[in-house]
Amino acid sequence: VLASLRKGQRPRPLQWAGLGAAFGGLVYLFLPGLSAPAPIGAALMLAAGVAWGIYSLRGHRSADALAETAGNFARAVPLALITVLIVLPSLHARPSGVAWAALSGAIASGLGYAIWYRALRMLTSVTAAVVQLAVPLLAGVGGVALLGEPLTLRLAVAAVLVLGGIATTIVGRARSA
């Protein structure tokens, strides 16, 4: 959103309301409480969100999403290998499990990033920013659906705020176009 403002792009009032609701939903999700994430976890998620925003801003200008994603992965491999070598003595996993995890992660992440880069061509920076706010929410819903985590009132209220905010932002842009 800040990058859009710097470029002179101004969200419409309805978009601001949607952004506020979606961001408010995330703040509510992360508020201290029995089911809220630990502060260090929330800080790490915030850092990841900022990094993803920067990645998305760079991808918005990408002419070839697949080549960009492949290049990014190739540049990340040395750091990943160094990390693996550092933690290797404390790993309690079979090599085949590690290989399958790396392969599935690379394929899933690679495809996800390539699709996101491709989708960015059709989104404004503001729309892309608000859509990204769904990621922590989707992780929480995934925990409920796939890991048997309890569905809490906090997650349900945050879901309504975040998804409603995203919808309002998108509708606000469409109405102004």
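The exercises below work through one predicted protein model, each with a solution in steps. Residues are numbered from 1 along each chain as its sequence is written, and side-chain values use heavy atoms, leaving out hydrogens and water. Local features need pLDDT of at least 70 and side-chain atom pairs count only at pLDDT 80 or more, while totals for chains, interfaces and linings use all residues.

**Exercise 1. The overall build**

Task: State how many helices and strands the protein has, and what the C-alpha trace spans along its principal axes.

Solution:
- Step 1. Take the terms. Helices (H or I, at least four residues) and strands (E, at least two) are DSSP runs, numbered from the N terminus.
- Step 2. Count. The secondary structure comes to 8 helices and 0 strands.
- Step 3. Read the order from the N terminus: α-α-α-α-α-α-α-α.
- Step 4. Give the span. The C-alpha trace covers about 55 × 45 × 25 Å along its principal axes.
- Step 5. Look at contacts (heavy atoms within 4.5 Å). Among contacts with a separation of 6 or more, 79% join residues 24 or more positions apart.

**Exercise 2. The length and bend of helix 4**

Task: Find what helix 4 should span at 1.5 Å a residue, and where its kink lies.

Solution:
- Step 1. Helix 4 covers residues 65–87, which is 23 residues.
- Step 2. The expected span is 1.5 Å times one less than the number of residues.
- Step 3. For helix 4 that rule gives 33 Å. The end C-alpha atoms are 32 Å apart, which agrees.
- Step 4. Now the bend, which is the angle between axes fitted to the seven residues ending at a residue and the seven starting there. A kink of about 30 degrees lies at V77, shortly before the proline P78.

**Exercise 3. Inside and outside helix 4**

Task: Name buried residues of helix 4, then decide whether L66 is buried or exposed.

Solution:
- Step 1. Set the cut-offs. Buried means under 20% relative accessible area, exposed over 50%, and partly exposed in between (1.4 Å probe, protein chains only).
- Step 2. A65, T69, G71 and N72 are buried in helix 4.
- Step 3. Their cover includes helix 3 (39–60) and helix 5 (95–120).
- Step 4. L66 also sits in helix 4. Its relative accessible area is 58%, so L66 is exposed.
- Step 5. For the protein, 25% of the 177 residues count as buried.

**Exercise 4. Two residues and their partners**

Task: Classify Y113 and G59 by accessibility, and list their contacts beyond four places in sequence.

Solution:
- Step 1. Y113 is in helix 5. At 28% relative accessibility, Y113 counts as partly exposed.
- Step 2. Y113 touches W52, Y55, T69 and F73, leaving out residues up to four places away in sequence.
- Step 3. Y113 and A70 are 43 residues apart in sequence, yet 9.6 Å apart in space, C-alpha to C-alpha.
- Step 4. G59 belongs to helix 3. With a relative accessible area of 0%, G59 is buried.
- Step 5. Setting aside neighbours within four places in sequence, G59 is in contact with Y117 and L120.

**Exercise 5. Helices 6 and 7**

Task: Explain why helix 6 is largely enclosed, and check the span of helix 7.

Solution:
- Step 1. In helix 6, 7 of the 8 residues are buried, so the rest of the structure largely encloses this helix.
- Step 2. The buried residues are S125, V126, T127, A128, A129, V130 and Q132.
- Step 3. Helix 7 has 14 residues, which at 1.5 Å a residue should span 20 Å. Its end C-alpha atoms are 19 Å apart, which agrees.
- Step 4. A134, L137 and G143 are buried in helix 7.
- Step 5. G148 follows helix 7, with a positive phi near 75 degrees.

**Exercise 6. The largest pocket**

Task: Give the volume of the largest pocket, and say which helix gives the most to its lining.

Solution:
- Step 1. A pocket, on a 1 Å grid over the protein atoms alone, is an open set of points where a 1.4 Å probe fits, with protein on both sides within 12 Å along at least five of seven lines; lining residues have an atom within 4 Å of a point.
- Step 2. The volume is about 1100 Å³.
- Step 3. Of the 32 lining residues, L46, G49, V50, A129 and L133 are the closest to the centre.
- Step 4. Helix 3 gives the most, with 12 residues.
- Step 5. The lining divides into 25 nonpolar, 7 polar and no charged residues.

Notes: Grid points are joined across faces, edges and corners, and a volume is the space filled by probe spheres set on the points. Ala, Val, Leu, Ile, Met, Phe, Trp, Tyr, Cys and Pro count as nonpolar, Asp, Glu, Lys and Arg as charged, and the others, Gly among them, as polar.
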